[in-house]
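Q: Got a minute to go through this model with me? I'd like to talk through a couple of residues.
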Amino acid sequence: MKVKGTEARCHELEQHVWGTEDKSHYEELRALGKDAVADVIAKVDEVAKNDSLDGPRRDALVKLTESFAEAEKEFTVAHRAGDRVKRDLDREPDKLNRDEVDAVGSLRAHDKLEKLLKLDVGNLSTEANALGLLCAVDRLEIARGLPKHLKFYAVADEFALLFGVTLPAVPDDATKKLVPGTWLRFLSETAKSAGHPVSDKAKTPKERDALAWAGVQEGFSDKLKADVGGIEAGTDLGKVVTVAEHRLEASFSAQEAAEAT
């Protein structure tokens, strides 16, 4: 259902931008190809120009679209790097070390994400921040299934950006493992900085890891909730942000309930 939903939205965007569905346009759109992105930005500019509400903020809309596309491209590259490592773990372990080394730069890249989160586009700045948070939440999914030392590279910089945690010293060489306990300490500190510290009742590393991860998710939920009120009611973005916020909160509540029993 998730795949079909994604495909349907891409085809809908095709119709808006090019007026038809075409395999090459679809594939380029999914890959965030330069020409497809340029056509989307041009369409946003064209539509805004002739709209009574969006006309005065046409430049801001174009700037927001450009910044969002850059952040999504950055995420896509990181996602592919993470997928290559996960594939190696399952099927091609002989390629693991090389792909781990290659993945670090892509996993840690977050300049475009930071730009989007801090983008000043007038009364669309809340939308920009919400889109940045959604990109950041997507990056959490990259970390799932990665070895612990690569989990750190996948999310540490955005945790520092969003929650103000201090990054511990880690090896530049991705084939060298972290000092035991580094990931759990950092994840726990992030959950605490997000306002959801791990309960002292959690004794084992597995329990603390699960609660810390859930606490970080709840921290993201809090940030999305803060943006909901600033997004125009009834918009698609408002609905997406609300659903994402509720899902993250439900995940946190489920983990707390599991620990309680």
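Q: Where does Pro197 sit?
A: Pro197 is in the loop between helix H9 (182–193) and helix H10 (205–228). Helices here are DSSP runs of H or I with at least four residues, numbered from the N terminus. This is a predicted model, where local features need pLDDT of at least 70, side-chain atom pairs count only at pLDDT 80 or more, and totals for chains, interfaces and linings use all residues. Residues are numbered from 1 along each chain as its sequence is written, and side-chain values use heavy atoms, with hydrogens and water left out.
Q: Is Pro197 buried or exposed?
A: Pro197 is exposed, because its relative accessible area is 55%; exposed means over 50%, buried under 20%, and partly exposed in between (1.4 Å probe, protein chains only).
Q: What does Pro197 touch?
A: Ala191 and Lys192, leaving out residues up to four places away in sequence. Contact means heavy atoms within 4.5 Å.
Q: OK, switching: which helix has Leu140?
A: Leu140 belongs to helix H7 (residues 125–143). Leu140 counts as buried because its relative accessible area is 3%.
Q: And which residues is Leu140 in contact with?
A: Beyond its neighbours within four places in sequence, Val155, Glu158, Phe159, Trp213, Gln217 and Phe220. Leu140 and Gln217 are 77 residues apart in sequence, with their C-alpha atoms 8.7 Å apart.
Q: Which element has the lowest mean pLDDT?
A: Helix H5 (residues 96–108), at 82, while helix H6 (residues 111–117) has the highest, 97. pLDDT is the predictor's confidence in each residue, from 0 to 100.

Conventions:
Helices (H or I, at least four residues) and strands (E, at least two) are DSSP runs, numbered from the N terminus.
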